[in-house]
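Student: I would like to take a close look at one part of this model, and to see it in the setting of the chain as a whole. Could you take me through it in one connected answer?

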Amino acid sequence: MANSDPVADMLTRIRNANRVGQMRVNVKRSKVCLGIAQVLKSEGYIVDFQSIDDTNQGEIRIDLKVGERGEKIIQNIDRFSKPGCRQYTGYDGIPRVLDGLGIAIVSTSQGVLSDRECRKRKVGGEVLCTVS
């Protein structure tokens, strides 16, 4: 069965792996999912990710990050804009997650960016998800 929302599937797989304490998770590859993984890496929420080729669309292997005492770095990861109700906003309307302690990931005309990068470049777009 085809998945109609690869971003929600990616976030659910990361959330479930984080809850059970797995250090690595595989998700289906798409351009948006690669962009989200890149933002999570640049913001320090994951250790690394790799794009893996297979006979179908491919996968992304994500290595999750834990703190020094084994605490989870990703506490909460939620889908913001859904396929049935897209949430677009300008750079000044992007939500601040936990007063700047978390991030919002935004799909823009310049690629998938974090909320901080969107404000710096003064570009808005579709708010994909929030991470704290």
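Student: How far apart are the mean positions of the positive and negative charges of the chain? After that, please look closely at Ser132 and its surroundings.

Tutor: The model is a predicted one, and every value below is computed from it. The chain carries 21 positive and 16 negative charges, and the mean positions of these two sets are 1 Å apart. As for the surface, the chain exposes about 7600 Å², of which carbon and sulfur atoms supply 47%.

The overall frame comes next. The secondary structure of the chain amounts to 3 helices and 8 strands, and from the N terminus on these elements follow the order α-β-α-β-β-β-β-β-β-α-β. Along the principal axes, the C-alpha atoms fill a box of roughly 40 × 35 × 25 Å. A compact globule with 132 residues would have a radius of gyration near 14 Å, and the chain, which has 14 Å, therefore agrees with that expectation. Buried residues account for 39% of the 132 residues, while, among contacts between residues at least 6 apart in sequence, 60% join residues at least 24 apart.

Within this frame, Ser132 belongs to the segment that comes after strand 8, a strand covering 125–131. Ser132 counts as buried because its relative accessibility is 16%, where the cut-off for buried is under 20%. When neighbours within four places in sequence are left aside, the residues in contact with Ser132 are Tyr45, Ile73, Ile74, Gln75, Asn76, Val97, Leu98 and Gly102.

Strand 8, which spans 125–131 and precedes the segment of Ser132, leads on to the cysteines, since the sulfur of Cys129 serves as the reference point for two others. The structure holds 0 disulfides, a disulfide being a pair of cysteine sulfur atoms within 2.5 Å. For Cys85, the closest cysteine sulfur is that of Cys129 at 16 Å, which is too far for a bond. Cys118 is likewise in no disulfide, and the nearest cysteine sulfur to it, again in Cys129, is 12 Å away. In accessibility, Cys85 is partly exposed, as its relative accessible area is 45%, whereas Cys118 counts as buried because its relative accessibility is 0%.

How values were computed
Residues numbered from 1 in each chain as written. Predicted model: local features only at pLDDT ≥ 70, side-chain atom pairs only at ≥ 80, totals over all residues. Heavy atoms only, no water. Helix = DSSP H or I, 4+ residues; strand = E, 2+ residues; numbered from the N terminus. Buried < 20%, exposed > 50% of the residue type's maximum accessible area, 1.4 Å probe, protein only. Contact = heavy atoms within 4.5 Å. Rg over C-alpha atoms; globule rule 2.2 N^0.38 Å. Areas by Shrake-Rupley, 256 points an atom, 1.4 Å probe, with all protein chains shown as cover. Lys, Arg positive; Asp, Glu negative; His and termini not counted. Charge placed at Lys NZ, Arg CZ, Asp CG, Glu CD.
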